[in-house]
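Biologist: Could you pull up the model, so that we can go through the contacts together?

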Amino acid sequence: MDQSNGTQSLSSLFTTLTRELSNLISQEIALARAEISEKVGQIEVGIGSLAAGGMIILVGLFFLAEALVFGVAALLQLWLSAVIAAWLAPLLVGLVIVIVGWGLLAKGRSNLKARNLEPRRTIESLKRDERLVEGHVR
């Protein structure tokens, strides 16, 4: 520092700028790592939930589907012959089960879409830093 007028030399300013930029880049990298780690955790939880939910639903649906098929067949026999009710009941029950399962898979898939996993805070922070640096360079 120049003691006579209280101003820093140009080389001192560049040294400070380099050090501050280095610190900023290190902080941004740390933020990106933390956010990516968080997103990986979300993926793991999402996949685990999909797998566990799918297995539990499958076991329960076997029992529920069988009971439902018998119930629907009994109801259909009120209007249709026993032969038609015997194949129509499992068809209707199976169709409802497939629709419910499809909805659950769609929900799990939407949780794993790329837009939900992008490191938004890091991107916003980098944009702020860019604007800050542009403002100081001008």
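Modeller: What follows is a walk through the salt bridges and then the helix packing of this predicted model.

Biologist: Salt bridges then, how many does the structure hold?
Modeller: The structure holds 2 salt bridges, and Glu35, Glu38 and Arg121 are linked by them in a network.

Biologist: What is the N to O distance between Arg121 and Glu35?
Modeller: The side chains of Arg121 and Glu35 meet at 4.0 Å, N to O. Arg121 belongs to helix H4, which covers residues 120–137, while Glu35 belongs to helix H1, residues 10–76, so this salt bridge ties together parts that lie 86 residues apart in sequence.

Biologist: And what about Glu38, how far apart are the closest N and O atoms there?
Modeller: In the salt bridge of Glu38 with Arg121 the closest N and O atoms are 3.1 Å apart. Glu38 is in helix H1 and Arg121 in helix H4, so here the two partners connect parts that are 83 residues apart in sequence.

Biologist: Is Glu35 buried or exposed?
Modeller: Glu35 is buried, its relative accessible area being 2%. Glu38, by contrast, is partly exposed at 36%, and Arg121 also counts as partly exposed, with a relative accessibility of 44%.

Biologist: Switching to the helices, at what angle do H1 and helix H2 pack?
Modeller: H1 and helix H2, the latter spanning residues 82–111, pack at an angle of about 155 degrees, and their axes are 8 Å apart. An angle over 145 degrees counts as roughly antiparallel, and H1 and H2 are therefore roughly antiparallel to each other.

Biologist: Which hand does the crossing of H1 and H2 have?
Modeller: The crossing of H1 and H2 is right-handed.

Biologist: Which residues meet there, on the H1 side and on the H2 side?
Modeller: From H1 the contact includes Leu50, Ile57, Leu61, Ala65, Leu68 and Val69, and the residues they meet in H2 include Ala85, Leu88, Ala89, Pro90, Val93, Ile97, Leu104 and Gly108. By character, the residues of the contact of H1 with H2 divide into 17 nonpolar, 1 polar and no charged.

Biologist: Let's zoom in on Ala65, what is it in contact with once its neighbours within four places in sequence are left aside?
Modeller: With those neighbours set aside, Ala65 is in contact with Val93 and Ile97. Ala65 lies in helix H1 and is buried, with a relative accessible area of 17%. Between Ala65 and Ile97 the C-alpha to C-alpha distance is 8.0 Å, although the two are 32 residues apart in sequence.

Biologist: Further along H1, what is the distance in space between Ala74 and Ala89?
Modeller: Ala74 and Ala89 are 8.7 Å apart, C-alpha to C-alpha, with a sequence separation of 15 residues. Ala74 is found in helix H1 and is partly exposed, its relative accessible area being 44%.

Biologist: And how many residues apart in sequence are Leu58 and Gly101?
Modeller: Leu58 and Gly101 are 43 residues apart in sequence, and their C-alpha atoms are 9.3 Å apart in space. Leu58 is another residue that lies in helix H1, where at 46% relative accessibility Leu58 counts as partly exposed.

Biologist: One last pair, how far apart in space are Gly53 and Leu104?
Modeller: Gly53 and Leu104 are 9.0 Å apart in space, C-alpha to C-alpha, and 51 residues apart in sequence. The place of Gly53 is in helix H1, and with a relative accessibility of 26% Gly53 counts as partly exposed.

Terms used
Residues are numbered from 1 along each chain as its sequence is written. This is a predicted model: local features need pLDDT of at least 70, side-chain atom pairs count only at pLDDT 80 or more; totals for chains, interfaces and linings use all residues. Side-chain values use heavy atoms; hydrogens and water are left out. Helices (H or I, at least four residues) and strands (E, at least two) are DSSP runs, numbered from the N terminus. Buried means under 20% relative accessible area, exposed over 50%, partly exposed in between (1.4 Å probe, protein chains only). Axes are lines fitted to C-alpha atoms, for helices over the stretch in contact, and angles run from 0 to 180 degrees between N-to-C directions. Angles under 35 degrees count as roughly parallel, over 145 as roughly antiparallel, 65 to 115 as roughly perpendicular and the rest as oblique. A crossing is left-handed if the near helix is turned anticlockwise from the far one by less than a right angle, and right-handed if clockwise. Contact means heavy atoms within 4.5 Å. Ala, Val, Leu, Ile, Met, Phe, Trp, Tyr, Cys and Pro count as nonpolar, Asp, Glu, Lys and Arg as charged, and the others, Gly among them, as polar.
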